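Here's a quick tour of one strand and some aromatic rings. Have a look at the model first, then read on.

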Amino acid sequence: KENNMARIFLAVIYLLPLLGILAVTASAQSGWHPQQSKTSSFLGGVSFIDANIGFAVGQSGAILSTTNGGSTWLTDSSHTSTDLYGVFSYDANSTIAVGGNGLTLKTTDGGTNWTSYSSGTTNYLNRVYLLSQNIGIAVGGNGTIRRTTDGGMNWAFRSSGSSNNLWGISFSGNTIGSVVGNAGTILRTTDAGANWLIQLTGELYDLYSICLIDSSVAVAVGTAGKILRTTDGGTSWLPIPSGTSKNLHEVKCLQSGKGFAVGDSGIILHTTNGGISWLSQESGTTYELFGISLIDTNIATIVGSNGTILRTTTGGLVSSIDDHLSLYPLEFHLYQNFPNPFNPSTTISFQLPAVSHVMLKVFDVLGREVATLVNGVEELGYKSVTYDASRLTSGVYYYCLQAGNYIETKNLLLLR
């Protein structure tokens, strides 16, 4: 028995340097590959019709197009020097770009010609979303929402009920959509953008982008690494740990639950479970990343400052091992409960990198145990527990997680 243990010990000692080399090599690799844009201007938006045909827009009216998945990008003539921030391609005959001073441009011939139409506003337009060849919605500064029913030739005012800048828009199907903006603004429509209602998030962070996975589940991202998630159509929003304090400028998701978020300093986050958890991927750049076009689970294109264009055909992964590892956390962690303050229930989340015996308890300010939420063996992964404090009085309480040798305590505030 002692000889076997010695062999194991020696094997580990000999393998450690090799494992270290493998770890360093893997961390230096990236599943995202740079493409030549032939510009040093910022690119704010990107949209692909399929794996091959796509457009990118940016500074001083820049419009780039590709018909081979970005192997080559050509410069289209936009006949404007106004900055362009967003673009959406519905099909080969319907692509609309939006930008400063309420500018809207449309091409119906694959980018050979672009025609300018009045949006009826001088506020900048950040993003545009097309529900069909005819129906589309553009959002922008000072709460601006414009809607077209004739393919972008005419744009009608729609009330947002807000004066905050609006940055992102997403739809699930052809009727249910959401818009996000400054100071935690989230709007929702159930009639294809004809009318919008404000949803309360309790957040003051600016939100820059949102993706609807289905009519109930959505993920929003914004400043300082903020990620919010809803599973009830926006009635309530739960903060999700992002692992970064960088601003996140865009998020895109598929119905399968896979998605990406991008932001400052080349940050790329990847989710495989509908935004419940996020892990970073190596981008190979430190430039700001502003836009994503997600074709399927493997193919995506990202654009950013200094003409940055990144492309993946492997879901951003270097190998299938990365995909397996992305499902699981790498360390123990206890998150702040949400909402907090709360009445009468709140959600407590934690993560386990290994199978562990877990105890999660709640105590009052005198150190007396008032509730046991978890006491048993838990599989590795991301966990959430809903705590109902209906029987308690208002005040400060503490919740403590013990998992193996890991112990962490946080406070929560119950307000009646």
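Buried here means under 20% relative accessible area, exposed means over 50%, and partly exposed is in between (1.4 Å probe, protein chains only). With that in hand, Y124 comes out as partly exposed at 27%. This is a predicted model, so local features need pLDDT of at least 70 and side-chain atom pairs count only at pLDDT 80 or more, while totals for chains, interfaces and linings use all residues. Residues are numbered from 1 along each chain as its sequence is written, and side-chain values use heavy atoms, with hydrogens and water left out.

On to the rings. Phe, Tyr and Trp (its six-membered ring) pair if their centres lie within 6.5 Å; planes under 30 degrees apart count as stacked, over 60 as edge-to-face and the rest as tilted. The structure holds 12 aromatic pairs, including these two:

| Pair | Centre to centre | Angle between planes | Class |
|---|---|---|---|
| F42 and Y85 | 6.3 Å | 10° | stacked |
| Y124 and W167 | 6.0 Å | 35° | tilted |

F42 and Y85 sit 43 residues apart, with Y85 in strand β6 (residues 84–91); strands are DSSP runs of E, at least two residues, numbered from the N terminus. Y85 is partly exposed at 22%, and W167 is partly exposed at 25%. F42, Y85, Y124 and W167 join Y208 and F290 in one aromatic cluster.

Now the strand: 6 of the 6 residues of β2 (residues 43–48) are buried, so β2 is largely enclosed by the rest of the structure. Strands pair if DSSP finds at least two bridges between them, and 5 bridges join β2 to antiparallel β3 (residues 54–58).

Technical notes: Helices (H or I, at least four residues) and strands (E, at least two) are DSSP runs, numbered from the N terminus.
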